[in-house]
Amino acid sequence: QVRLVESGGDLVQPGGSLRLSCEASGFTFNGYWMSWVRLAPGKGLEWVSYIDPGASRTSYADSAKGRFTASRDNAKNTLYLQMDSLKSEDTAVYFCARVGALYEYEYWGRGTQVTVSS
């Protein structure tokens, strides 16, 4: 079955960096767009980024542009999110999701907690 497992979340100071990973299994990873989304305390779900199957196209929410970089290693079935210049408002649980044909989130991982605080 489809399985997505996020890791890499941590407590980091403002201005710091983290790299999140998402290991995928149970499907042909290089055949799907993937996405990062986040859920912050007291807020709704927020889309963060998309990346195409070939890792040649990415898109980002305005809140992530210039600071976050999505990438993937199809040989390792792994999705990444490099997060730099972190801010307190980036504090959230970060999820990776497989994207369907209608850009819906078909499958989700359990998430990884990112806390940005001094």
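**Group meeting: strands, rings and a few unusual turns**

Let me start with strand β4, which runs antiparallel to β9 and is joined to it by six bridges. Strands here are DSSP runs of E with at least two residues, numbered from the N terminus, and two strands pair if DSSP finds at least two bridges between them. Before I go on, please keep in mind that this is a predicted model, where local features need pLDDT of at least 70, side-chain atom pairs count only at pLDDT 80 or more, and totals for chains, interfaces and linings use all residues. Residues are numbered from 1 along each chain as its sequence is written, and side-chain values use heavy atoms, with hydrogens and water left out.

Back to β4, then. Opposite Leu39 you will find Val93 in β9. β4 also pairs with β5, again antiparallel and again through six bridges; there, Ser35 stands opposite Tyr50. β4 and β5 form a hairpin with five residues between them. In that turn, Gly42 has a positive phi of about 75°.

How enclosed is β4, which covers residues 34–39? Five of its six residues are buried, so the strand is largely enclosed by the rest of the structure. By buried I mean under 20% relative accessible area; exposed is over 50%, and partly exposed is in between, with a 1.4 Å probe and protein chains only.

Next door in β5 sits Ser49. Its relative accessibility is 1%, so Ser49 counts as buried. Leaving out residues up to four places away in sequence, Ser49 touches Met34, Ser35, Trp36, Ser59, Tyr60, Ala70 and Leu81. Contact here means heavy atoms within 4.5 Å.

Now for the rings. The structure holds eight aromatic pairs. Rings of Phe, Tyr and Trp (its six-membered ring) pair if their centres lie within 6.5 Å; planes under 30 degrees apart are stacked, over 60 edge-to-face, and the rest tilted. One of the pairs is Tyr50 with Tyr103, edge-to-face, at 5.7 Å centre to centre and 70° between the planes. This pair links distant parts of the chain, 53 residues apart: Tyr50 is in β5 (residues 45–51), while Tyr103 is in the loop between β9 (92–99) and β10 (105–108). Tyr50 is buried at 14% relative accessible area, whereas Tyr103, at 48%, is partly exposed.

Another edge-to-face pair is Phe95 with Trp108, at 5.8 Å between centres and 85° between planes. Phe95 belongs to β9 and Trp108 to β10, so this pair ties together parts 13 residues apart in sequence. Phe95 is buried at 14%, and Trp108 is partly exposed at 35%. Which residues join Tyr50 and Tyr103 in one aromatic cluster? They are Trp33 and Trp47.

Two arginines also lie over rings. Arg98 lies over the face of Tyr32, 3.9 Å from the ring centre, and Arg72 over the face of Phe29, at 4.3 Å. The criterion is NZ of Lys or CZ of Arg within 6 Å of the ring centre and within 35 degrees of the ring normal.

Arg72 takes us to another part of the fold, since its bridge partner in β8 is Leu79. β7 and β8 (residues 78–83) run antiparallel, with six bridges between them. They belong to an open sheet of four strands, in the order β1-β3-β8-β7, with antiparallel pairing. β1 (3–7) and β7 (68–73) are the edge strands, each pairing on one side only.

A quick look at two loops. Asn77, in the loop between β7 and β8, has a phi near 55°, a positive value in a residue other than glycine. Asn77 is partly exposed at 28%. Ser85, in the loop between β8 and β9, also has a positive phi, near 50°, and is partly exposed at 43%.

Finally, Thr112 in strand β11 (residues 112–116). Is Thr112 buried or exposed? At 9% relative accessibility, it counts as buried. Its side chain reaches the backbone nitrogen of Gly9 at 2.9 Å, a polar contact: a pair of N or O atoms within 3.5 Å, where within protein one must be able to donate a hydrogen and the other to accept it, and residues adjacent in sequence count only if both atoms are side-chain atoms. Beyond its neighbours within four places in sequence, the contacts of Thr112 include Leu20, Ala92, Val93 and Tyr94.
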